[in-house]
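Got the viewer open? Switch to a cartoon view, keep your selection box handy, and follow along.

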Amino acid sequence: MRLIFLGPPGAGKGTQAQFIEERFHIPQISTGDMLRASAQEQSELGIEIQSIMSSGHLVPDPLIIKLVQARITEPDCQNGYILDGFPRTVSQAQALQEASVKIDMVLAVDVADEILVKRLSGRRIHPASGRVYHIENHPPVAENTDDITGEPLIQREDDQKATVLKRLQIYRKQTQPVVDYYYQLATSSYVAEKPRFVKVDGNQSSLVIFEKIINLINNL
Ligand code: AMP
């Protein structure tokens with residue numbers, strides 16, 4: 001089963017992808033996490049990626065397409081995967097289509113911008129595991145501390161308010177057209193192999209959304 005999660009930063013794609021990974025045993029491929037790992041390497045490329053990410057802009061298409069194409073051919077992807085944060089531009093989506101990567105379902109999650117700003121600026125991360133908390137909606141048991149390891153939580157540099165606003169602006173401009181692209185593909189009578197396209201209301205609780213997604217997957 002191959003799934004794509006589309007949606008603005010903070011819509012809950014990562015949370016849902018983690019739930020699905022646990023339930024269906026297919027890996028979550030988060031391009032943001034992959035890039036954050038590359039950015040930590042003190043190579044020339046790592047430093048460049050770090051600087052693009054902290055500005056809220058997208059890294060160049062050829063680089064990310066190469067990363068994803070290599071990742072999805074790894075053995076743990078044999079039974080499927082969840083793409084979280086990719087494709088982010090129409091040309092990334094076209095690259096998948098041109099490489100004949102068959103996708104079963106595209107889930108487009110959306111949430112109003114003012115809620116996204118609140119969610120992202122209150123988000124805290126446990127960097128080693130990727131566990132996500134929120135200072136109001138999902139606080140850790142002890143302040144600023146991971147529940148499982150007791151290690152400190154961090155705020156991503158790009159979750160600071162000014163960068164969040166920039167990321168949302170970039171999302172609406174560059175990634176919203178990807179949502180339209182998959183909608184058109186799914187409704188086109190000219191394309192035989194096409195993913196199912198489903199819109200998901202991201203304003204509900206994460207467990208309610210997950211139940212809906214399980215139903216969709218079971219009916220694939
Ligand atoms: P995320 O964790 O998905 O919010 O991604 C964090 C940042 O990584 C984004 O703001 C971009 O700078 C970069 N990034 C992640 N995925 C992509 C992608 N598919 N294409 C280009 N840049 C990306």
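**Stop one: a pair of strands**

Select E2 and E3 (residues 81-84) to begin: the two strands run parallel, and three bridges join them. Bear in mind that you're looking at a predicted model. For one of the contacts between them, pick glutamine 28, then hop over to E3, where its bridge partner is isoleucine 82. If you want the general picture, strands of a sheet pair through backbone hydrogen bonds, either parallel or antiparallel.

**Stop two: the whole sheet**

Now widen the selection. In what order do the five strands of the open sheet come? Read across and you get E2-E3-E1-E4-E7, with parallel pairing. Colour the two edges next: they are E2 and strand E7 (196-201), and each of them pairs on one side only. Turn the view to look across the strands, and the twist from one strand to the next averages 20 degrees.

**Stop three: the pocket by E2's residues**

Go back to E2 and show side chains. Which residues line the second largest pocket? Select Glu21, Gln28, Ile29, Ser30, Asp33, Met34 and Arg71. Two elements give two or more residues to this lining, strand E2 (28-30) and helix H2 (31-40). E2 supplies the largest share, three residues, and Gln28, the residue you picked at stop one as the partner of isoleucine 82, is on the lining list too.

Try colouring the lining by residue class: you should get two nonpolar, two polar and three charged residues. As for the space itself, the second largest pocket has a volume of about 160 Å³.

Notes
Residues are numbered from 1 along each chain as its sequence is written. This is a predicted model: local features need pLDDT of at least 70, side-chain atom pairs count only at pLDDT 80 or more; totals for chains, interfaces and linings use all residues. Side-chain values use heavy atoms; hydrogens and water are left out. On a 1 Å grid over the protein atoms alone, a cavity is a set of points where a 1.4 Å probe fits but cannot get out, and a pocket is an open set with protein on both sides within 12 Å along at least five of seven lines; lining residues have an atom within 4 Å of a point. Grid points are joined across faces, edges and corners, and a volume is the space filled by probe spheres set on the points. Helices (H or I, at least four residues) and strands (E, at least two) are DSSP runs, numbered from the N terminus. Ala, Val, Leu, Ile, Met, Phe, Trp, Tyr, Cys and Pro count as nonpolar, Asp, Glu, Lys and Arg as charged, and the others, Gly among them, as polar. Two strands pair if DSSP finds at least two bridges between them. Axes are lines fitted to C-alpha atoms, for helices over the stretch in contact, and angles run from 0 to 180 degrees between N-to-C directions.
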